[in-house]
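Student: I am new to this structure and would like to study one part of it closely before I look at the rest. Could you take me through it slowly, and then show me what surrounds it?

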Amino acid sequence: MRSFIRCLKLLKYGSCVRKQLTFMLVIAVIGMILEFRSINSFIGGFYIFLFPITIGHMFISLSMSGLIQSSVLKKKLQVLYPYVVSFPLMSLSLLVVIAHRVWLIHNGVEGLTDAENRMIQSTSLLEIGIFMFFCFIYFALVYKFYAPSFIFFIAFMIPGMVIVQNDTFGISRLLAIDFRSAVIATIILFISGNLVSLIISNLVYKYSLSEYMIKRSVSKMQ
């Protein structure tokens, strides 16, 4: 616990901490607006998740410091503390998104039947779960293998989301999901995504940090 508190205090010495937090707070606010103004989009919910993820990954940026590189805190900053910070905040974010979708189903949406509304909310929630699952893997790799992780993200996510959202053979038609099943599946994707990300972080820990990510971090400090 003492080392964790020490690392929290060290965050203020990271690269452009205030700018990063301000930018991601803006993204979180935009996400809240999009989420609560939309009835059929996963973008708002995804933006809401970005803020806690970014806070967690600020620890990884901190590990790029020369002093930290020779410290016993290095591994914890890369494979433990990002999850300790981000997981509770992401869980709260997921709860907010689920609660909003429940509210939409309970109160109804003008122009939609109850069955259509439930299907839309179920599909959108599951889309968030799928999107976040792959993003967790991407974030676990990006600080070590920037280019391969970016290729992975493009290769899987863009075709995947196109298929998921297709009206003819999209996930709602393929799985015939109901809202309760969507909630359970999304929670499973959320938890398993974090676990897979944590495992990958430990597996790739001994690899050097990406030169691109180091240069970007250093340029922000100048």
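Tutor: Val 26 is found in helix H2, which covers residues 17–37, a helix being a DSSP run of H or I of at least four residues and a strand a run of E of at least two, numbered from the N terminus. Because its relative accessibility is 43%, Val 26 counts as partly exposed, the class between buried (under 20% relative accessible area) and exposed (over 50%), with a 1.4 Å probe and protein chains only. Although 21 residues separate Val 26 from Tyr 47 in sequence, their C-alpha atoms lie 9.8 Å apart in space. The model is predicted, so local features need pLDDT of at least 70 and side-chain atom pairs 80 or more, while totals for chains, interfaces and linings use all residues. Residues are numbered from 1 along each chain as written, and side-chain values use heavy atoms, without hydrogens or water.

For a contrast with that partly exposed valine, turn to Ser 149, which lies in helix H8, spanning residues 146–165. With 1% relative accessibility, Ser 149 counts as buried, and its side chain reaches the backbone oxygen of Phe 145 at 2.9 Å. If residues up to four places away in sequence are set aside, Ser 149 touches Tyr 138, Leu 141 and Val 142, where contact means heavy atoms within 4.5 Å.

Burial also marks helix H7, which is mostly covered, since 22 of its 29 residues are buried. At 1.5 Å a residue those 29 residues should span 42 Å, and the end C-alpha atoms of H7 are indeed 42 Å apart; the expected span is 1.5 Å times one less than the number of residues. Helix H10, with 25 residues, likewise reaches 36 Å from its first C-alpha to its last, close to the 36 Å expected. The buried residues of H10 include Phe 179, Ala 182, Val 183 and Thr 186, and farther along the helix Ser 197, Ile 200 and Ser 201.

Seen as a whole, the protein has 11 helices and zero strands, so that from the N terminus on every element in the run is α. Of its 222 residues, 47% count as buried. Among the contacts in the protein with a separation of 6 or more, 76% are made by residues 24 or more positions apart.

Methods: A polar contact is a pair of N or O atoms within 3.5 Å; within protein, one must be able to donate a hydrogen and the other to accept it, and residues adjacent in sequence count only if both atoms are side-chain atoms.
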